[in-house]
Amino acid sequence: MDQLAFNDTVGSLEDLVQRNTVITVDSSLTLVGTVKRLRAANLILNGKGYELLPRQDERPESNFTSLIGDPLVIALNRYVPRKKVSIDPDSFVSKRMILARDGYICSYCGGFGNTVDHIIPKSKGGLSTWGNLTTACKDCNGRKGNVSLESMGYKTPHIPKSFIPKRNQVIQEAIHERLASLSY
Ligand SMILES: [Zn+2]
C-alpha cells in the first residue's frame with residue numbers, strides 16, 4: 001500500500017492508539033513512543049511533561065480523567081536524542097491501523113474485511129501485536145474462532161515490513177497537523 005492510500009484510510013489520531021495508551025513526544029515535539037495512561041499521569045503530576053493534545057473523541061469520565069484530564073499526546077520537558085529513540089512496534093497497534101495496513105482485505109479469503117482476527121487465538125496465548133493481528137472478513141473470522149490456522153487449511157498471513165516506518169511518519173505528521181489546526 002502506498003503512503004497516500006494509507007493516510008486516507010487510517011482515520012484520526014485517536015484511532016491510532018488504544019484507549020489506555022498516550023502518545024509521547026519530546027521537547028522538540030518529535031515522536032518518542034507511547035506510555036500507559038497511568039504513566040502519563042505520573043509524568044504530568046511530577047512535572048516531567050505536559051498535555052500537548054487532549055483526546056477529542058467521547059469517552060466516559062474516570063478517576064484518571066478527573067485527575068489530569070484526558071491526554072492523547074503528552075510532551076516531555078526533555079529532548080530525547082534521535083539515536084535513543086526506538087519505538088516499540090506494538091505500541092501503536094489498533095484495529096484501525098491493522099485494517100489500514102491490510103487495505104481492508106481479508107487475509108484468509110481475499111475478500112473485503114473489516115474485522116481484526118488474532119492469528120494465534122487469545123485463548124491460546126496469542127497477543128495483540130502487529131505480527132499476530134490480521135484483517136479478516138466476518139465469515140472467516142467467525143469460522144476460524146478459536147482454532148488454529150492449520151486446522152482450517154489457512155496460510156499464515158503476510159505482514160508487510162515496510163509498514164511500521166511509514167506508520168511512525170504518519171503519526172508524527174498527524175500530531176503536527178493537529179497542532180497547526182489548533183493554533184488558528
Ligand atoms: Zn474472508
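Which residue in β2 does Ile23 stand opposite? Here are some notes to read beside the model, which is a predicted one.

1. **The opening pair.** Ile23 stands opposite Thr34 in β2. A second facing pair is Thr21 with Lys36 in β2. Strand β1 covers residues 21-25 and runs antiparallel to β2, with five bridges joining the two. Together β1 and β2 form a hairpin with five residues between them, and in its turn Leu29 has a positive phi of about 60 degrees.

2. **The overall layout.** Stepping back, you will find seven helices and six strands in the protein. Followed along the sequence, they give the pattern α-β-β-α-β-α-β-α-β-β-α-α-α. Of the contacts with a separation of 6 or more, 65% are between residues 24 or more positions apart. Buried residues make up 28% of the 184 residues.

3. **The four-stranded sheet.** The hairpin strands belong to an open sheet of four strands, ordered β2-β1-β4-β3, and the pairing is mixed. Why do β2 and β3 each have one side without a neighbour in the sheet? They stand at the edges, β2 as residues 31-36 and β3 as residues 49-54, and each has a single partner strand, so one side of each is left free of a sheet neighbour. From one strand to the next, the twist averages 30 degrees.

4. **Helices on the sheet.** Helix α2, residues 37-45, packs on this sheet and touches β1, β2, β3 and β4 (71-76), with its direction at about 110 degrees to that of β2. Helix α7, residues 163-182, also packs on the sheet; α7 touches β1, β2, β3 and β4, and its direction makes about 90 degrees with that of β2.

5. **The two sides of α2.** Which residues of α2 are buried? They are Ala40, Ala41 and Leu43. These residues sit on the same side of α2 because they cover an arc of only 160 degrees around the axis. Leu38 and Leu45, on the other side of α2, are exposed. After the helix comes Gly47, with a positive phi near 70 degrees.

6. **The nonpolar cores.** In soluble globular proteins, nonpolar side chains tend to be buried together. Here the largest nonpolar core has 28 residues, and Val25, Val73, Ile74 and Ile171 have the most contacts inside it. At least two residues of this core come from each of β1, β2, α2, β3, β4, α4 (95-102) and α7. Both domain 1 (1-6 + 92-184) and domain 2 (18-88) contribute at least three residues each to this core. Apart from it lies another core, of five residues, including Cys106, Tyr108, Cys137 and Cys140.

7. **A closer look at Ile171.** This residue is worth picking out on your screen. Leaving aside residues up to four places away in sequence, Ile171 touches Leu16, Ile23, Leu31 and Phe92. Ile23 is the residue from the opening question, the one facing Thr34 in β2.

8. **Lys84 in its loop.** Is Lys84 buried or exposed? It is exposed, because just 8 other C-beta atoms lie within 10 Å, and a residue counts as exposed at 12 or fewer. Lys84 lies in the loop between β4 and α4. Its C-alpha atom is separated by 9.1 Å from that of Val32, although the two residues are 52 residues apart along the chain.

Technical notes:
Residues numbered from 1 in each chain as written. Predicted model: local features only at pLDDT ≥ 70, side-chain atom pairs only at ≥ 80, totals over all residues. Pairing = 2+ DSSP bridges. Axes fitted to C-alpha atoms, helices over the stretch in contact; angles between N-to-C directions. Contact = placed C-beta atoms within 7 Å. Core = buried A, V, L, I, M, F, W, Y, C linked by C-beta atoms within 7 Å. Buried ≥ 20, exposed ≤ 12 C-beta atoms within 10 Å, placed from the backbone. Domains from an automatic or database assignment. Arc of directions from axis to C-beta.
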